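Please open the structure in your viewer and keep the sequence panel visible. This tour proceeds from one selection to the next and describes what is found at each stop.

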Amino acid sequence: MKKISICIVTHNNENNILSVLSCIYRHSKNFIFETFVVDSNSSDRTVELVRRHFPQVTLIPLPQNRGFGFGHNRVLNRIDSDFHVILNPDITFDTNIFDGLSSFLENNPDVAMVVPQILNTDGSVQALPRRIPKLKYLISGRLERFGRVFKKWRGEYTCSGKNFDKPVEIDFCSGCFIMIRTKIFKKLRGFDERFIMYFEDADLTRRAQCYGKTVLNPDFCATHAWERASAKRFKYLCIHVDSMVKYFKKWHSKGGAKFI
């Protein structure tokens, strides 16, 4: 029977951690699985709630918050699965989605990584980036209300207007929900920990493409309560810009970053 490992990195997620864990344990059949919660020094009741309500979860409390990728990498030496799931604490779903996505990977050995269709809480499709980041795409997110060209660039970045009605290769898999072959995740040594937050998923996607396709499979859906923190708080905007600079420096040096 196939084995699946699931990792959630938390930081002050007491309002949604129980919901995602309930989804996991309610909709996990036909496979063996282990769930990890890596807590990045929460100051709320996240750790307490996990311990009380889901004692079967492997809880890894960290003494400080060193970022999304750092947290997910803490399980690299602990997992012994066929497929590994990278999951946000604000994700919910109502089907046996892990079984479906892992069966897709089993039936498509040329695929390294797969993501489901991500929906907003109102059921609409979430405009997550699907193209390789370019500078014009990233600034358009801030400026699209000021002109048609910015709106056009933003639409290109998010593949706006495209109807994804069957599995399709994509450039950029959002880190809110990824299933990757565990052996590939380990070969990649997980996320690049230089990215504290933002672009670590774009970077992981590009590196995973050395081992196979990265695919969106719309046959499976999950809901993401997306907060877009960088659009609301200056602190997260600064982190976003810092990660963007790191991303372009890294991939430009490899001859793979396009600025325009």
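**Aromatic rings**

The structure holds 10 aromatic pairs, where rings of Phe, Tyr and Trp (its six-membered ring) pair if their centres lie within 6.5 Å. This is a predicted model, in which local features need pLDDT of at least 70 and side-chain atom pairs count only at pLDDT 80 or more, while totals for chains, interfaces and linings use all residues. Residues are numbered from 1 along each chain as its sequence is written, and side-chain values use heavy atoms, with hydrogens and water left out.

Select Tyr-25 and Phe-33 to begin. Their ring centres lie 5.2 Å apart with the planes at 55°, so the pair is tilted (planes under 30 degrees apart count as stacked, over 60 as edge-to-face and the rest as tilted). Tyr-25 is partly exposed at 26% relative accessible area (buried means under 20%, exposed over 50%, partly exposed in between, with a 1.4 Å probe and protein chains only). Phe-33, at 24%, is also partly exposed.

Next, select Phe-93 and Phe-177. Here the centres are 6.4 Å apart and the planes stand at 65°, so the pair is edge-to-face. The pair links distant parts of the chain, 84 residues apart: Phe-93 is in the loop between strand 5 (91-92) and helix 4 (97-107), and Phe-177 is in strand 8 (residues 177-181). Helices (H or I, at least four residues) and strands (E, at least two) are DSSP runs, numbered from the N terminus. Both Phe-93 and Phe-177 are buried.

Now add Phe-31 and Phe-54 to the earlier selection: ring pairs link Tyr-25, Phe-31, Phe-33 and Phe-54 into a cluster.

**Helix 2**

Select residues 46-53, which form helix 2. Which residues of helix 2 are buried? They are Thr-46, Val-47, Leu-49 and Val-50. Seen down the helix axis, the buried residues of helix 2 fall within an arc of 165° (taken from the directions from the axis to the C-beta atoms), so they line one face. Their cover includes strand 1 (3-10), helix 1 (17-26), strand 2 (32-40) and strand 3 (58-62).

**Gly-190**

Finally, select Gly-190, in the loop between helix 7 (182-187) and helix 8 (200-208). Gly-190 has 0% relative accessibility and counts as buried. Leaving aside neighbours within four places in sequence, Gly-190 is in contact (heavy atoms within 4.5 Å) with Asn-73, Leu-76, Phe-185, Leu-204 and Arg-207. Gly-190 and Leu-76 are 114 residues apart in sequence, and their C-alpha atoms are 7.1 Å apart in space.
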